[in-house]
Amino acid sequence: MRRRPRRLRSSAAMRGLVREYHLAAGHLILPAFVVEDLDSPREITAMPGVRQHSLDSLRRLANACAEAGIGGIDLFGVPAQRDSRGSGAWDENGILNQAITAVAEEVGDDLVVIADTCLDEFTDHGHCGILDEDGQVVNDATNELYARMAVSQAGAGADMVSPSGMMDGQIGVIRRALDNAGYPDVAIMAYSAKYASGFYGPFREAVDCQLTGDRRTYQMDPGNRREALIETLLDIAEGADIVMVKPAGYYLDIVADVRAAVNVPVAAYQVSGEYSMIEAVAARGWVDRERLIGESLTSIKRAGADVILTYWALEVARWLAEGRSL
Ligand code: PBG
């Protein structure tokens with residue numbers, strides 16, 4: 001035997017020397033939830049270890065993120081009042097816009113401040129867009145509301161907006177609106193290949209989601225692979241700066257396809273269900289929690305993601321700072 005691949009696995013140092021993919025804190029984004037009228041953080045039962053934040057505790061969290069050297073924070077707002085159009089979404093004093101301003105004030109340029117740009121947290125029916133008389137989600141009129149939302153988020157101090165509603169043409173409409181409003185430098189991270197996934201289950205509790213039914217008329221069918229490239233290339237043509245695949249861990253083929261097809265940075269969102277499954281099985285003592293977290297994230301990197309959104313961002317950044325190999 002001339003070739004013995006095991007030679008390069010003989011010690012931790014040897015394995016480290018030849019490792020192809022590494023996690024880096026600067027490539028991680030922490031999704032965070034802020035709730036209107038909340039006095040102190042509240043545990044999310046379905047996501048052990050993740051909390052809904054008050055404006056104050058969100059400020060502290062943002063500082064911790066900057067200190068830990070992670071790349072960004074992605075903010076989701078949970079309003080006290082909802083209506084059919086989700087008008088709290090573009091209200092200057094709405095909870096999400098207040099949160100953006102608070103976080104931007106705290107961290108300045110030390111952390112990329114990202115805002116979720118979607119109506120589902122703000123509508124009383126829980127859909128990502130407005131509905132017609134038959135209850136169908138209307139595409140183009142919804143885009144106009146996304147544009148208002150994105151402009152208000154830029155005004156509040158967001159560095160990047162993140163349209164997640166999967167309406168056709170949303171990126172182009174938002175890009176034009178930002179440019180016309182004097183925000184040409186605000187970036188867009190597009191949820192490009194976002195699937196109608198059961199893995200978003202725990203997130204429903206995190207944002208107190210009002211949805212009955214599902215999002216299958218706008219989010220992608222999990223049975224489709226090639227379609228992810230149609231969606232992604234459209235978003236790039238419309239002006240997306242970063243494209244995203246979501247969920248991540250069960251969609252590594254999609255991450256790899258997208259990576260091979262584009263030259264812009266690719267993000268992948270390790271969603272609530274991916275998080276909670278590992279937490280749940282680790283809590284029963286059936287797996288090594290830290291190993292599974294590291295392995296799940298490394299696999300997403302290996303598939304081709306440059307940027308990873310994960311609820312473990314802060315914890316993983318601290319592990320990396322301690323020099324642990326994940
Ligand atoms: C909707 C949105 C969802 C998530 C992020 N943005 C839920 C959905 O599309 O149903 C899910 C994130 C997660 O599960 O962690 N704008």
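User: What makes up the lining of the largest cavity, by class?

Analyst: The lining has seven nonpolar, three polar and seven charged residues. Here Ala, Val, Leu, Ile, Met, Phe, Trp, Tyr, Cys and Pro count as nonpolar, Asp, Glu, Lys and Arg as charged, and the others, Gly among them, as polar. Please keep in mind that this is a predicted model, where local features need pLDDT of at least 70, side-chain atom pairs count only at pLDDT 80 or more, and totals for chains, interfaces and linings use all residues. Residues are numbered from 1 along each chain as its sequence is written, and side-chain values use heavy atoms, with hydrogens and water left out.

User: What makes a space a cavity?

Analyst: On a 1 Å grid over the protein atoms alone, a cavity is a set of points where a 1.4 Å probe fits but cannot get out, and lining residues have an atom within 4 Å of a point. The largest cavity holds about 160 Å³ of space, and the ligand takes up that cavity.

User: Why does the pair between the ligand and Asp120 count as a polar contact?

Analyst: A polar contact is a pair of N or O atoms within 3.5 Å; within protein, one must be able to donate a hydrogen and the other to accept it, and residues adjacent in sequence count only if both atoms are side-chain atoms. A ligand nitrogen is 2.9 Å from an N or O atom in the Asp120 side chain, so the pair counts. Asp120 is also among the residues nearest the centre of the largest cavity.

User: Which residue's side chain has an N or O atom 2.7 Å from a ligand oxygen?

Analyst: Ser272 is one such residue, and Arg215 is another, also at 2.7 Å.

Notes: On a 1 Å grid over the protein atoms alone, a cavity is a set of points where a 1.4 Å probe fits but cannot get out, and a pocket is an open set with protein on both sides within 12 Å along at least five of seven lines; lining residues have an atom within 4 Å of a point. A molecule sits in a cavity or pocket if more than half of its atoms lie within 2 Å of its grid points. Grid points are joined across faces, edges and corners, and a volume is the space filled by probe spheres set on the points.
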